[in-house]
Amino acid sequence: MTPLLKCSRAWRPFLQSSRCWTGVRATRPISLSVPASAAAASAPRHLAASRRAISSGAGHGGGVRQDKLPLKVKPERLMETLHETCAWGTGKRWGKADTETGMSRLTLSDADKEARDWFVETVGGLGCRVTVDAIGNVFAVRPGRSDGPATFAGSHLDTQPTGGRYDGILGIMAGVEMLRVLHENNVETDEEGARFPYSMMGSGVWAEALSLEKAYDLRSVTGDNATLKSELERIGYRGQVPASYRSMPMGAHFELHIEQGPILEAEKRKIGVVQGVQAYKWFTIEVEGRVNRSDALLLASKLIVHGSRVATKHSALVSTGILTLSPGSTNTIPGNVRFSLDIRAPRNETVEEVEARLRQDFAALASGTEDIGGLHEGGTVGKSEFSVSWRTDSATTATVFHEDCIRCVREAAEDVLGADGRLVRDVVSGAGHDSVYASRVCPTTMIFVPCRDGVSHNPAEYTAPEDCAVGAEVLMHSVLKYDGLRGKGLVG
Ligand SMILES: [Zn+2]
């Protein structure tokens, strides 16, 4: 099984193990089961549209939230809860205010246990039934009027060693806020692997993409001899329920997450409606030259530049994150260079096209017989004693999220932000998420909110409180909309 990249364009050696989920059971027909206060959450579109007010203030912190939706999250409570829970595993300081620190909450650490304990206690107090499965996934299901799999929202509570307060955590806090709002309105309704070397492990085992035994045997990369199984037992989160979607099926899954990219902020958008996750392929390229004669690094540099140009032409992304050369001495021309190449694009075919083009062009540039894009111009090409070889390290096909879920998110975003769509944009995630696994076994999509400078996995990761609240509200209304459609038998 190929490890999936989670939440990052850069390769990271260890990722999240398990996650918490919040769920709402599917409704009976809306007119029977939902009190008036919640009716508009699943109201026909023309009804909802009449309640909208077009918002103003598209920038961060602008007053964009609508006042007319009957069910609203409480932004202050949402942010207070988020910051309070960040007392467990507080990381590096980046600013002066109390909340201006990062997070370091490795999965299955003591801090992670405290955050999980808080989650279990909190959702228990909101009338949820809590289930812990054998890989440590925690499910909180709010009972509804009918049986069957719940409609879920979920994300992760653990972080990178030098992570921030929003990646994953916001998704859980928004889910808890949703449960609080439903609870206090009496609404009757029917994910960071920074420690064990597998990405999105909890959802991977749940989706049966990774075996439980293999996951249990994973050893901590922090050198403390712990295995995933021993740590689950130590903190008391190795549950009795089998870790599988067959034991804990989901009717649908929605995940709110920070964008981890710059697009929403740059375009002053508030919500990204995530269409899917990009396909990617990772390679190690080895350039063999000759010490003091054929400069392997100079050629590698040209290949990297060319990769970027070809990517741009295909609307793809090609990047290099690892580069090693030898012999590595100031007055020696390097004879060997190895570098990583990450090719990604929304479509599988595009990744294949870029790869094929680069294989051809790299060979031509190495042979020196052909200059491409003027890369050899004005320089010394040498005696063409180069060879370029490719090794494929991993490949993941594109994920396409479910159209019904996507439609619910778009409508919810319009209800919250106004119907003209200025503040909402379709996006494709550049990074893997737990929702990739969830999408294999149930209708799934994600909701993105902007993050400052597109930064994540960094203590200074930041999403404005206003944007957190908008995201939480869109999440809640997406879940309720989908739940309403299920209640009417309009979706699975
Ligand atoms: Zn994440």
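This passage walks through a helix with a buried side, three helix pairs and a few backbone features of a predicted model.

A good place to begin is helix α3, which spans residues 75–85. Its buried residues are L78, M79, T81, L82 and T85. These cover an arc of only 160 degrees around the axis, so they sit on the same side of α3. The spacing fits a familiar pattern: an α-helix has 3.6 residues a turn, so residues three or four places apart point the same way. On the face of α3 turned away from the buried side, the exposed residues E76 and E84 are found. The cover over the buried residues includes α4 (110–125), α5 and α14 (465–487).

One of these covering helices, α5, can be followed further. The axes of α3 and α5 come within 10 Å and cross at roughly 130 degrees, which means that α3 is oblique to α5. The crossing is right-handed. From α3, the contact draws on R77, L78, T81 and L82, while α5 supplies I169, L170, M173, A174, V176 and E177. Sorted by character, the residues of this contact comprise seven nonpolar, one polar and two charged. L78, T81 and L82 thus appear in the contact with α5 and also among the buried residues of α3.

Another of the covering helices, α14, has a partner in α12 (residues 403–417). Here the axes lie 8 Å apart and the packing angle is about 130 degrees, so α12 is oblique to α14. Their crossing is right-handed. On the α12 side, the contact is made by D404, C405, C408, V409, E411, A412, A413, D415, V416 and L417. On the α14 side, V470, E473, V474, H477, S478, K481, Y482 and L485 take part. Together, the residues of the contact between α12 and α14 divide into 11 nonpolar, two polar and five charged.

The third pair consists of α10 (residues 296–313) and α11 (residues 348–367). Their axes are 10 Å apart, at an angle of about 150 degrees, and the two helices are therefore roughly antiparallel to each other. The crossing of α10 and α11 is right-handed. The residues of α10 in this contact are L299, K302, L303, H306, G307, V310 and A311, and they meet V354, R357, L358, D361, F362, L365 and A366 of α11. By type, the contact between α10 and α11 holds nine nonpolar, two polar and three charged residues.

Away from the helix pairs, some loops carry backbone features worth a look. In the loop between α5 (169–184) and α6 (201–206) lies N186. Although N186 is not a glycine, its phi is positive, near 50 degrees. N186 counts as exposed because it has 10 C-beta neighbours inside 10 Å. Further along, E208 belongs to the loop between α6 and α7 (212–217). E208 also is a residue other than glycine with a positive phi, here about 60 degrees. With 15 other C-beta atoms within 10 Å, E208 is partly exposed.

The last feature concerns a proline. S326 and P327 are joined by a cis peptide bond, with omega at about 10 degrees. P327 is placed in the loop between β11 (323–326) and β12 (336–345).

Notes:
Residues numbered from 1 in each chain as written. Predicted model: local features only at pLDDT ≥ 70, side-chain atom pairs only at ≥ 80, totals over all residues. Helix = DSSP H or I, 4+ residues; strand = E, 2+ residues; numbered from the N terminus. Buried ≥ 20, exposed ≤ 12 C-beta atoms within 10 Å, placed from the backbone. Arc of directions from axis to C-beta. Contact = placed C-beta atoms within 7 Å. Axes fitted to C-alpha atoms, helices over the stretch in contact; angles between N-to-C directions. Parallel < 35°, antiparallel > 145°, perpendicular 65-115°, else oblique. Left-handed = near helix turned anticlockwise from the far one by under 90°. Nonpolar A, V, L, I, M, F, W, Y, C, P; charged D, E, K, R; others polar.
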